[in-house]
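The exercises below ask you to read a protein model with the sequence beside it. Try each task on the structure before you turn to its solution.

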Amino acid sequence: MEIEKNILNPRIPEGPIDKKWTNFKTYCKLVSPANKENLEIIVVGTGLAGASAAATLGELGYNVKVFCYSDTPRRAHSIAAQGGINAAKNYRNDGDTVYRLFLDTIKGGDYRSREANVFRLAELSNAIIDHCVAQGIPFARDYAGYLDTRSFGGALLARTFYARGQTGQQLLLGAYGALNRQVKRGKVKIYPRHDVLNIVLYNGKARGIIARDLITGEIKRFSAHAVVLATGGYGNVYFYSTNAKNSNGSLIWRAYKKGALFANPCFVQIHPTCIPIHGEYQSKLTLMSESLRNDGRVWVPKDIETAKKLQRGEIKANDIKPEDRDYFLERRYPTYGNLVPRDIASRAVKERCDAGFGVNKTGRAVFLDLSDAIKKLGIEEINRRYLNLFQMYEKITNENPYETPMMIYPGVHYTMGGLWVDYLLMTTIPGLFAIGECNFSDHGANRLGASALMQGLADGYFILPVTIGDYLASMIKEPPLPTDIEEFNNAEKEVIEEIEKLFSTKKTETVDNFHKRLGEIMWNKVGMSRNEKGLKEAIQEIRELREDFWKNVIVPGTMNELNQELEKALRVADFLELAELIAYDALHRKESCGSHFREEYQTIEGECLRDDENFAYVAAWKFNGLDKEPILYKDILEFKEVKVGIRSYK
Ligand SMILES: Cc1cc2nc3c(=O)[nH]c(=O)nc-3n(C[C@H](O)[C@H](O)[C@H](O)COP(=O)(O)OP(=O)(O)OC[C@H]3O[C@@H](n4cnc5c(N)ncnc54)[C@H](O)[C@@H]3O)c2cc1C
């Protein structure tokens, strides 16, 4: 990787935008089938990105070892994805093209993503749907049997393919089927219940990992010719998020500490439609899918006294007449209405609640109301579209969403930031690749709904299997690396020392308590809106909390057994460091864009005010020691295809 004067080279192929990927595939280096038989690849993660990559690499003839911490690859967080996956098929004849999906995604990300990557993503979107249909994914179909689609935020057409509210589950089962085919062929070996805790570098290249067997506690070593990280997002740094409880940032953080650059860490997506927090002992948030905004209307009362009555429980939503309701997204953004992108909807919800119009006891909720749609379409059709979401809402809140509008409030959902990768999805460490949510690649400052599954599967099925060959072509003469060498000894030692340190504290406060305290700092000062003073305070408070953690955290038991508190402690220890980088990145980016809203930089109407002159770059940070300022590298964003403008959804 060429790094000159802190400017990164993303290795974007030559040619017009719609020929770049074809050019890359045509001219990249190839590995012969015979040589593939001798090459080993480690994939960490079995979500949509990892499972699809491992299956495809196995099919190509590489020898693949794939790791996950859950008891089966099928339990990766991707299984939770609800609403759908985008593609520019234009089956509805509503004007979609690859180019339009590309433009919507660039605009959705507030002009903070790389044109070439985003175009490739849009270009591959249709192949993903074909591939998944061929695998037998039961996408929703219309009466005539054709694939059905619906709308998601930030688009004026219906390009989202779905399987009720279980799209991630169905796609993951497809990828898992493909993975198992390669297991049977002997090309893929799965290591479930393994926590990968370190990356091993040999001659500056990624050549192995250190993993802890979560059942026995045994520390194990594995080597390979390349390592692929597909470990998902780090939203759990905020404690409350829609992510699976075990989703973490540990391995990408450890890669960062070994020299991989970390890009745009402060771009954290806050989703408008989560079920509001309802108690002290709640441990995570539940998402109500964005798909509900196809038919749901978001509102609060027009009059503050009515809102107060709602808060005190004196009246109910249905007591408020339609003309007394403020459908504030439709009012503020008539063109996109309830389907504005997530960052915009979240801020609008917050604005109404901050102004006193919230509708629940705490004043931190708005209504998501499907009653008009139920009247128009009938319950049967609504159930066809959303049944499991309605059931889930009722189970969690004990309220019947067919009779009374759902209540929602924004919550942390997705991380656009992640390891910096070039066009080949390689990090700044040769041989270390990052795919899916754990890289930063395609979504800029805000991801559009239904685009994460698209990206994870594009990365795993179509991009990485090609680009990794270009790298491995230079590795064909390298024999398998023994694991009893100094590099492995040192990497293992680092892991064991950290674990021992966790057992040697005064043991006064639980891991969860520390995590919750971190979440509070992050939500209040590095959350939906940020300012210089708050960010500086956050950095200081995170440092103090980190110190406290290492003195006082309680980790019971030993390392040589199943020990979930130890697993959690290792993750929270990493979150306590990553949190500081998020705040630092947010402090340095003196503009507002997408999810990153700096109060000092806003328009009169309270919208983001970008500074293209000074910040049209991906900020990629290099580790420089704890408690020290990281070093900034820039991946300059050039827009040749897209006219950069004010991002308006009005
Ligand atoms: C509730 C919810 C609904 C969503 N709905 C949609 C939707 O409708 N459409 C859409 O496009 N996107 C949606 N998303 C986003 C999308 O689901 C995720 O971005 C995507 O699934 C991430 O996939 P991934 O393969 O990158 O990572 P994940 O699915 O998070 O998988 C991570 C994998 O890494 C493994 N792992 C992590 N760390 C380690 C370690 N240290 N050692 C070993 N293994 C490790 C895990 O075991 C797991 O297998 C949704 C997200 C949420 C939270």
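**Exercise 1. Which residues does A87 touch, leaving aside residues up to four places away in sequence?**

Solution. Bear in mind from the start that the model is predicted.
Step 1. The contacts of A87 are S125, N126, I128, I129, R159, F161 and M454.
Step 2. Take R159 from that list: it lies 72 residues from A87 along the chain, and yet the two C-alpha atoms are separated by 5.7 Å.
Step 3. Locate A87 among the elements, and you find it in the loop between β5 (85–86) and α4 (98–108).
Step 4. Although A87 belongs to a loop, this residue is buried, because 26 other C-beta atoms lie within 10 Å of its own, where 20 or more are enough for that label.

**Exercise 2. Work out whether the buried residues of α14 lie on the same side of the helix or on opposite sides.**

Solution. Step 1. Check the helix itself: α14 covers residues 486–503, and at 1.5 Å a residue its 18 residues should span 26 Å, which agrees with the 26 Å between its end C-alpha atoms.
Step 2. List the buried positions, which are F488, A491, V495, I499 and L502. These residues cover an arc of only 75° around the axis, and therefore they sit on the same side of α14.
Step 3. The spacing fits a general rule, since an α-helix has 3.6 residues a turn and residues three or four places apart therefore point the same way.
Step 4. Turn to the face of α14 directed away from the buried side, where the exposed residues E486, E497 and E500 are found.
Step 5. Finally, ask what covers the buried residues of α14; the cover includes β8, β9, β10, β21 (553–554) and α17 (564–588).

**Exercise 3. Describe the side of domain 1 that touches domain 3.**

Solution. Step 1. According to the domain assignment, domain 1 comprises 3–84 + 101–129 + 166–270 + 414–475, while domain 3 is 486–615. Their centres, taken over C-alpha atoms, are 23 Å apart.
Step 2. The contact draws 38 residues from domain 1 and 38 residues from domain 3.
Step 3. On the domain 1 side, the elements giving two or more residues are β8 (194–202), β9 (205–213), β10 (219–223), α7 (250–257) and β13 (268–274), and β8 gives the most, with 6 residues.
Step 4. By residue class, this side of domain 1 holds 23 nonpolar, 11 polar and 4 charged residues.

**Exercise 4. Which residues come nearest to the ligand?**

Solution. Step 1. Among the 46 residues around the ligand, G45, G47, S78, G232 and G436 come nearest.
Step 2. Elements that give two or more residues to this shell include α3 (48–60), α6 (167–185) and β8.
Step 3. The shell divides into 19 nonpolar, 25 polar and 2 charged residues.

Conventions: Residues numbered from 1 in each chain as written. Predicted model: local features only at pLDDT ≥ 70, side-chain atom pairs only at ≥ 80, totals over all residues. Domains from an automatic or database assignment. Contact = placed C-beta atoms within 7 Å. Helix = DSSP H or I, 4+ residues; strand = E, 2+ residues; numbered from the N terminus. Nonpolar A, V, L, I, M, F, W, Y, C, P; charged D, E, K, R; others polar. Near = placed C-beta within 6 Å. Expected span 1.5 Å × (residues − 1). Buried ≥ 20, exposed ≤ 12 C-beta atoms within 10 Å, placed from the backbone. Arc of directions from axis to C-beta.
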